[in-house]
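Colleague: Could you take me through the pockets of this model? I would like to know what lines them and which elements supply the lining.

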Amino acid sequence: MRASQVVIFDTTLRDGEQAPGFSMDVPAKVRMAQALDALGVDIIEAGFPIASPADSEATRQVALHVTRPVIAALARCRAQDIDEAARALAPAKRGRIHTFLATSDLHLERKLRITRDTCLEAASTAVRRARQVTDDVEFSAEDATRSDRDFLCRVVEAVISAGATTVNLPDTVGFGTPEDIREFFEEIQTRVPNAHKAVFSAHCHDD
């Protein structure tokens, strides 16, 4: 991919569906995916397969019927999530497993109740497991902008070493200005020695 190339990753079928009144059944998701394909979207996140049998089937049907874009499935850094995402993506011409784990101390301590070392190991293990079924693996560091920078750099370096080809650094709570986000990405990419081996992506909220 050229350094100047912009890749559009669309989450309408997964994140967008969480808006009240916008839940879609399987045929509706396939139609929406076909519309996104017609618009030229590069990557379609079709669902969160472990969430329900319906979400897994919707992901499988999108993977079966929409062949030009990359079809992505979301998965927590857990073996069962990765395996279910792999099953749902089996028909895809080009499939991506998108796995995620929080990296801020607030989330680790209060929500997940795990240590930094456990987080680091879980992230690396999940990426390695995903790489067993696809060479296109994305890792998202939930609450990245509020994470300790030193620790975040360790996580990013570790997941790239484990095989992540895209690293997503979300501003989960939506407090960063455009200038903040630019400085944030510049620092991480400068400090992580293997950053050149992955594509970096942003996930922002206008909160």
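Modeller: Start with the chemistry of the largest pocket. Its lining divides into 15 nonpolar, 13 polar and 11 charged residues. Here Ala, Val, Leu, Ile, Met, Phe, Trp, Tyr, Cys and Pro count as nonpolar, Asp, Glu, Lys and Arg as charged, and the others, Gly among them, as polar. The model is predicted: local features need pLDDT of at least 70 and side-chain atom pairs 80 or more, but totals for chains, interfaces and linings use all residues. Numbering runs from 1 along each chain as its sequence is written, and side-chain values use heavy atoms, without hydrogens or water.

The volume of this largest pocket is about 990 Å³. A total of 39 residues line the largest pocket, and Phe9, His98, Glu138, Asn168 and Ser201 are the closest to its centre. A pocket is an open set of points on a 1 Å grid where a 1.4 Å probe fits, with protein on both sides within 12 Å along at least five of seven lines; lining residues have an atom within 4 Å of a point. Volume is the space filled by probe spheres set on the points, joined across faces, edges and corners.

Now the elements. Six strands each give the largest pocket at least two lining residues: strand 2 (43-47), strand 3 (70-76), strand 4 (95-102), strand 5 (137-142), strand 6 (166-170) and strand 7 (199-203). Strand 7 gives the most, five residues. Four of the central residues fall in these ranges: His98 in strand 4, Glu138 in strand 5, Asn168 in strand 6 and Ser201 in strand 7. Strands (E, at least two residues) and helices (H or I, at least four) are DSSP runs, numbered from the N terminus.

Next, the second largest pocket. Its volume is about 250 Å³. Its lining holds Arg76, Cys77, Arg78, Phe100, Leu101, Ala102, Lys111, Leu112, Ile114, Thr118, Ala122 and Glu142. Strand 4, helix 4 (105-112) and helix 5 (116-131) each give two or more of these residues. Strand 4 has the largest share, with three. By class, this lining divides into seven nonpolar, one polar and four charged residues. The charged ones are Arg76, Arg78, Lys111 and Glu142. Thr118 is the polar one.

Strand 4 links the two descriptions. It supplies at least two residues to the lining of the largest pocket, and three to that of the second largest.
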